[in-house]
Amino acid sequence: MSHKTTIGVGMVGYAFMGRVHSQAWRSVGAFFDLPLAPRMAALAGRSKERTEAAAAQLGWDAVETDWRELIKRDDVQIVDICTPGDSHAEIAIAALAAGKHVICEKPLANTVAEAEAMVRAAAAAPASVKSMVAFNYRRVPAVALARRFVEEGRLGEIRHVRAQYLQDWIVDPEFPLVWRLQKDKAGAGALGDIGSHIVDAAEFVSGQHIVGVSGLMETFIKERPLAGESAGLGASRTDAMGEVTVDDAALFFGRMSGGALASFEATRFATGRKNAMRIEINGQLGSLAFDFEAMNELWFSSGGGGFERILVTEPDHPYVGAWWPPGHGLGYEHTFTHEIKDFLEAIATGADPSPSFADGLRVQRILEAVERSAADGSRYTNVED
């Protein structure tokens, strides 16, 4: 890779998302023939001691305790944002103004207004400066293959889209009040955290947009022990209690731009479900179904027959040819490697990355419409353009 142009990466945040993004930056050049060679230049976090420990473990060359200093660095050309949603807009807007490429974790922002400001900043940046929101499930090979089937017309006219994201990691009422359960930091609960994924995946696979929704939201456990030390999705708990200010579950149905009916369920209270991100699409000629808990499989029905299992590990399947022999499955971490690969190629070729900040804004508008509908007796609510 020494003959390739090196591009410096600076990442903000080193917890759960920071770990998987770091793995992607480390591995992408070893498996894909890229036009650019990423260098993990600097990692930013508030605690110098913890950031230094994370940088040593994850492979970053240097550390900063202020993300503003990271953006100023001459050896950083890409800023990777892996922080809670309350800081996405400020970091992304500053990075774009400084001429840095930006990849930002989902959801794009905590509010529509913040997302709109991020889109304006992306539009104001030079055309050579690229930005992308990191909806990694688009890069599951089976999901990308499902999109290919729809594009090829193998389902015909799309009539139904149904999507679920089912987890159970906060079923225990003694689980502590981590930042994902606080609206000022997370923006929303299950709706924003995992519902945003199925909204993006449904639009990506179907090729249609959600134009209106009717929603219900519920918080089952209103108070939880305040969090102590945190790690990944978990944390220790203290004796004090605090209010849960986000939803635990959200259900909504909607209509797609092509006329299809759609239903969505996002919950972190589906006992026994660990990471069941599911999508099924029924069309005039056929259907397809996917469940991330069996992420290397796509189920397809054609001509009125029953579903048949496709093991998505063949070299002609999306992304798979760079990895292992047929039958050797991929994992969660590979989806992030794939999105980094696509982002680097877009930077090198001058293409517009997908999903764009504008795509992230559309998802944010859909989430807001669900919230407004749920607050208004589930009234059908149009999604703003």
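Visitor: How do you know what helix 5 (residues 112–124) should span, and how far apart are its end C-alpha atoms?

Guide: The expected span of a helix is 1.5 Å times one less than its number of residues, so the 13 residues of helix 5 should span 18 Å, and the end C-alpha atoms are indeed 18 Å apart, which agrees. Helices (H or I, at least four residues) and strands (E, at least two) are DSSP runs, numbered from the N terminus. This is a predicted model, in which local features need pLDDT of at least 70 and side-chain atom pairs count only at pLDDT 80 or more, while totals for chains, interfaces and linings use all residues. Residues are numbered from 1 along each chain as its sequence is written, and side-chain values use heavy atoms, with hydrogens and water left out.

Visitor: What makes Phe32 and Trp323 an aromatic pair, and what kind of pair is it?

Guide: Rings of Phe, Tyr and Trp (its six-membered ring) pair if their centres lie within 6.5 Å, and planes under 30 degrees apart count as stacked, over 60 as edge-to-face and the rest as tilted. By this rule the model has 13 aromatic pairs. The centres of Phe32 and Trp323 are 5.9 Å apart with 80° between the planes, and the pair is edge-to-face. Phe32 lies in the loop between helix 1 (16–31) and strand 2 (36–44), and Trp323 in the loop between strand 16 (308–311) and helix 9 (332–349), 291 residues apart. Both Phe32 and Trp323 are buried, a word that here means under 20% relative accessible area, with exposed over 50% and partly exposed in between (1.4 Å probe, protein chains only).

Visitor: What kind of pair do Tyr137 and Phe292 form?

Guide: Tyr137 and Phe292 are edge-to-face, at 5.0 Å centre to centre and 80° between the planes. Because Tyr137 sits in the loop between strand 6 (131–134) and helix 6 (141–151), and Phe292 in the loop between strand 14 (286–291) and strand 15 (297–302), the pair ties together parts that are 155 residues apart in sequence.

Visitor: Why is Tyr137 called buried or exposed, and what of Phe292?

Guide: Tyr137 has 3% relative accessibility and therefore counts as buried, and Phe292, with a relative accessible area of 9%, is buried too.

Visitor: Which residues of helix 5 are buried?

Guide: They are Val112, Ala115, Met118, Ala121 and Ala122, and these buried residues pack against helix 4 (88–97), strand 5 (101–105), strand 6 and helix 10 (357–375), where contact means heavy atoms within 4.5 Å.
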